[in-house]
Amino acid sequence: MSLHYDHADVIIVGGGMVGLALACALKDSGLHIVILERGEPPVRKSLGRDCRVSAIVMGNVKILQGLGVWKYLEADAGPMRSMRIWDNQEQGGIRFDASEIKQEALGYLIENSATQLAMHKTLLESDTVEFCSPAEISTVNWLEDKVEVKLADGRQLSTPLIVGADGGRSWIREQAGIGVWQRDYKQKGIVATVRPEHPHRGIAYQRFLPTGPLAMLPMSDNLCSIVWSAENSEAERLMAMDDERFLAALNATFGPVLGRITEAGERAAFPLIGRLTKHFVRERVVLIGDAAHCIHPLAGLGVNLGLRDAMVLAQEIVDARRFDEDWGELPVLNRYMKQRLPDVLSIMASMESFHQIFTSTIPGMKEVRGLGMRVMGNSGGIKQLLMRNSTGISLPVPKQIS
Ligand SMILES: Cc1cc2nc3c(=O)[nH]c(=O)nc-3n(C[C@H](O)[C@H](O)[C@H](O)COP(=O)(O)OP(=O)(O)OC[C@H]3O[C@@H](n4cnc5c(N)ncnc54)[C@H](O)[C@@H]3O)c2cc1C
């Protein structure tokens, strides 16, 4: 797609869910936004579905509703009304029901491609957002009052602010000389869409194995999305199996809760690496979504954090413009960083503890874990607090960007 101007008020590098959410949040601001996306637009595949699926928690469904994206997604979204967690030692389990926090669902399961396509549709309502793909950036030059971007095909653009929304291995982060703290879990997350024999009734199942969790998440049309985290060598073995052997392994591991799993679509495996950027912002550059933080998918919160980044950043940019501030400068960008850091750090820390507790082989840990689950299951207060936090409903719904 061509670029109409050689200047943008904001350049977003990366048209994944988080970069697109930022563009949606800014689409009525009057600012000229350019999204540069390296890849082609997404397509749906596995069992007629995209095998990459995300649980969007209730607090963030409200964000998508506010952005005008939800109306294009509703028909494809499978409600997750309850969640059951248990471990391989059968030491106890825990159950979370949306009704306990007076919500219709804990969240919704949506294919990533469906979310992206819905965001593209929303952006068509605006004539100030340009989506440029495939676009390969060759150089980024940081000057005092602007950033100059050169594309591989020779086109050039300048902007007061470049946003790195280009995923976990962010090229923009690297160009800005920003390092990361990184933890390689030495695991891969295998994802696939599968068909169970019995109705899932909107229940998400998470089974903790010593090697990592196996999640069976309810989608629309009684399909389920699995995220099977396994150590690298085991993940490679599972990926190399034909469909019949894979289904047998899945049935043996997951058990008969939903009857037999009868069909599995295309599989994909993602290396599980936790990352946290050492700086969310630098003069004229800001990182959002996985470019700023990658967390273990066991809680299904990665894109949920990213959506909140996008909303907070959009609000800060719009406020800066209203008060005639340069939104590429550090005082504005630091306001974004200060609001987002506590949320990101607390989610990352709790996911790390969860992972440790459920994979630890320390003697006695399985009994402690069982006791912990029973205590939490019987304590309405603790459970409700955990549910309110993880579904994002205790957080303020971001203001409508205006
Ligand atoms: C197995 C698994 C299951 C998960 N399940 C969940 C879940 O249930 N719920 C949840 O909230 N999260 C989940 N996550 C995490 C979630 O997928 C990510 O947090 C989310 O996709 C991040 O979105 P993003 O837009 O920041 O980055 P990405 O989705 O990585 O998008 C980055 C975009 O930038 C583009 N790009 C990259 N480099 C460049 C460049 N140099 N120039 C231009 N464009 C570029 C890429 O093509 C891509 O389109 C899961 C992750 C995994 C691995």
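Two strands count as paired here if DSSP finds at least two bridges between them. In this predicted model, strand β2 (residues 33–36) and β8 clear that bar with four bridges, and the two run parallel. Leu36 is one of the residues involved, standing opposite Cys132 in β8.

That pair belongs to an open sheet of six strands, laid out in the order β8-β2-β1-β12-β20-β19, with mixed pairing. The ends of the row are β8 (129–132) and β19 (281–282); each has a single partner strand, so one side of each is left without a neighbour in the sheet. As a general point, strands of a sheet pair through backbone hydrogen bonds, and they can do so either parallel or antiparallel.

Stepping back to the whole chain, the protein has 10 helices and 21 strands. Of its 402 residues, 47% are buried. Contacts reach a long way along the sequence too: taking those between residues at least 6 apart, 75% join residues at least 24 apart.

A further open sheet has three strands, in the order β9-β10-β11, and its pairing is antiparallel. Here β9 (137–142) and β11 (156–159) take the edge positions with a single partner strand each, which means that one side of each is left without a neighbour in the sheet. On average, neighbouring strands of this sheet are turned by 20 degrees against each other, direction ignored. Between β9 and strand β10 (residues 147–151), which run antiparallel, there are five bridges. Within that pairing, Thr139 has Lys150 of β10 as its bridge partner.

Strand β14 (residues 203–209) is worth a look from both sides. Six bridges tie it to strand β5 (residues 82–87), and this pair runs parallel. Five bridges link β14 to strand β15 (residues 212–218), this time in an antiparallel arrangement. The connection from β14 to β15 is a hairpin through two residues. Gln206 shows up in both pairings: the residue is the bridge partner of Ile85, and also stands opposite Ala215 in β15.

As for the interior, the largest nonpolar core has 105 residues, and those touching the most other members are Ile11, Ala21, Leu22, Val163, Val286 and Ile288. Ile11 makes a handy example. Setting aside neighbours within four places in sequence, Ile11 is in contact with Val34, Leu36, Val149, Leu157, Thr159, Ile162 and Val163. Leu36 in that list is the residue already met opposite Cys132 in β8. There is also a second, separate core of seven residues, with Ile295, Leu305, Val344 and Met348 among them.

Finally, the ligand. It is surrounded by 31 residues, and the closest are all glycines: Gly14, Gly16, Gly167, Gly289 and Gly302. Elements giving two or more residues to this shell are α1 (17–26), β3 (53–57), β13 (180–196) and α7 (302–322). The largest share comes from α7, with four residues. Sorted by class, the shell around the ligand holds 14 nonpolar, 13 polar and four charged residues.

Notes. Residues are numbered from 1 along each chain as its sequence is written. This is a predicted model: local features need pLDDT of at least 70, side-chain atom pairs count only at pLDDT 80 or more; totals for chains, interfaces and linings use all residues. Axes are lines fitted to C-alpha atoms, for helices over the stretch in contact, and angles run from 0 to 180 degrees between N-to-C directions. A nonpolar core is a set of buried Ala, Val, Leu, Ile, Met, Phe, Trp, Tyr and Cys residues joined through C-beta atoms within 7 Å. A residue is buried if 20 or more other C-beta atoms lie within 10 Å of its own, exposed if 12 or fewer, and partly exposed in between; C-beta atoms are placed from the backbone. Two residues are in contact if their C-beta atoms, placed from the backbone, lie within 7 Å. A residue is near a molecule or strand if its C-beta atom, placed from the backbone, lies within 6 Å of it. Ala, Val, Leu, Ile, Met, Phe, Trp, Tyr, Cys and Pro count as nonpolar, Asp, Glu, Lys and Arg as charged, and the others, Gly among them, as polar.
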